[in-house]
Amino acid sequence: MTNSSIPPQAVSVEPVNAVAPPTLLQFDPRKVPFVAGGVEGLPAVSAVQLTAQALRARFATPPAWTPELRRDPRMTDRVPAQAAVLVPIVQRPQGATVLLTERTSNLSTHSGQVAFPGGRVDPEDANIAAAALREAWEEVGLSAQYIEVLGNLPTYTTVTSFIVTPVVALVQPDFELTINPYEVAQAFEVPLAWLMDPANHRHHTVPAPDGTRRQWYSMPYQDGPDERFVWGATAGMLRNLYRFLAA
């Protein structure tokens with residue numbers, strides 16, 4: 001896999017993966033106390049359940065299950081809009097990984113945050129999956145020829161009132177990425193088995209201005225010298241994927 005830069009393409013003016021706009025975010029999520037997910041006694045999804053064959057079978061015949069997380073606290077008065085993200089599961093010989101992006105620092109509402117490739121559903125998109133594939137191409141140059149869509153997870157509504165449908169897909173590993181430098185600082189991969197182990201999930205809670213408590217998950221992954229701090233909506237969708245595969 002290689003990363004290169006291309007001139008900015010057509011981009012969504014409003015991001016959908018933002019956990020919270022900076023004007024609404026009154027805390028550093030890395031510094032909020034947490035409880036390690038492992039104390040819940042939840043089992044990791046086994047390696048045999050994470051193979052391409054097993055993932056195809058799970059989406060072809062879904063179990064009865066209940067999503068754990070469906071929405072973030074509402075923090076804007078904007079009209080809700082439909083959006084889609086691609087959850088790209090790369091079929092590496094050493095084990096499946098999930099392709100994620102780190103947003104650029106110049107973006108006003110989600111700079112530096114970890115996200116799936118994704119964006120608003122356009123009127124020209126044939127369906128939700130088509131929107132996710134288009135956004136993956138526009139953001140990181142991931143071609144549809146390498147992608148096998150498995151199915152969708154339940155929607156997740158972000159603080160910015162995007163109703164996001166996660167589109168889960170298998171990705172053949174011989175792709176090369178072409179990063180859109182306006183939106184994406186870099187792309188990286190995290191082992192799927194690591195993400196599907198609740199021992200690596202942190203549950204955070206912090207007081208909200210309205211007297212309630214705001215809660216979310218994080219999954220900080222140490223990638224060599226870099227900490228990939230997956231949290232908020234992205235972590236919530238991954239937590240739902242865990243619940244779906246573990247059901």
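**Notes on the sheet, the cores and the ring contacts**

1. Starting with the strands: E10 and E11 pair antiparallel over six bridges. Pairing here needs at least two DSSP bridges between two strands, and the strands (E, at least two residues) and helices (H or I, at least four) are DSSP runs numbered from the N terminus. Within this pair, Pro-207 has Arg-213 of E11 as its bridge partner.

2. A word on provenance. This is a predicted model, where local features need pLDDT of at least 70 and side-chain atom pairs count only at pLDDT 80 or more, while totals for chains, interfaces and linings use all residues. Numbering runs from 1 along each chain as its sequence is written, and side-chain values use heavy atoms, with hydrogens and water left out.

3. Now the rest of that sheet. It is open, has four strands in the order E1-E10-E11-E12, and its pairing is antiparallel. E1 and E12 (226–231) are the edge strands, each pairing on one side only. From one strand to the next the twist averages 30 degrees, using axes fitted as lines to C-alpha atoms (for helices, over the stretch in contact) and angles from 0 to 180 degrees between N-to-C directions.

4. At one edge, E1 (residues 34–36) meets E10 (residues 202–207) over three antiparallel bridges, with Phe-34 opposite His-204. Arg-202 puts its charged end over the ring of Phe-34, 4.0 Å from the centre. "Over" means that NZ of Lys or CZ of Arg is within 6 Å of the ring centre and within 35 degrees of the ring normal.

5. At the other edge, E11 and E12 share six antiparallel bridges, and Tyr-221 has Arg-228 of E12 as its bridge partner. The charged end of Arg-228 sits over the ring of Phe-188, at 4.2 Å from its centre.

6. Tyr-221 also has a ring partner. Its ring centre is 5.0 Å from that of Trp-194 and the planes are at 70 degrees, so the pair is edge-to-face. Rings of Phe, Tyr and Trp (its six-membered ring) pair if their centres lie within 6.5 Å; planes under 30 degrees apart are stacked, over 60 edge-to-face, and the rest tilted. Trp-194 is in helix H3 and Tyr-221 in strand E11, 27 residues apart. Tyr-221 counts as buried at 15% relative accessibility; the cut-offs are under 20% for buried, over 50% for exposed and partly exposed in between (1.4 Å probe, protein chains only).

7. By the ring rule there are five aromatic pairs. Trp-65 and Phe-244 make an edge-to-face one, 5.3 Å centre to centre with 65 degrees between the planes. Trp-65 is in the loop between H1 and E2 and Phe-244 in H4, so this pair ties together parts 179 residues apart in sequence. Trp-65 is partly exposed at 21%, whereas Phe-244 is buried at 3%. Phe-59 joins these two in one aromatic cluster.

8. On packing, the largest nonpolar core has 39 residues, and Ile-89, Leu-100, Phe-116, Leu-192, Met-196, Leu-241 and Leu-245 touch the most other members. A core here is a set of buried Ala, Val, Leu, Ile, Met, Phe, Trp, Tyr and Cys residues joined through side-chain atoms within 4.5 Å. H4 gives the largest share, eight residues. A second, separate core of 19 residues includes Leu-99, Ala-132, Leu-142 and Ala-187.

9. Last, H4 itself: 13 of its 15 residues are buried. Its end C-alpha atoms are 21 Å apart, which agrees with the 21 Å expected at 1.5 Å a residue (the expected span is 1.5 Å times one less than the number of residues).
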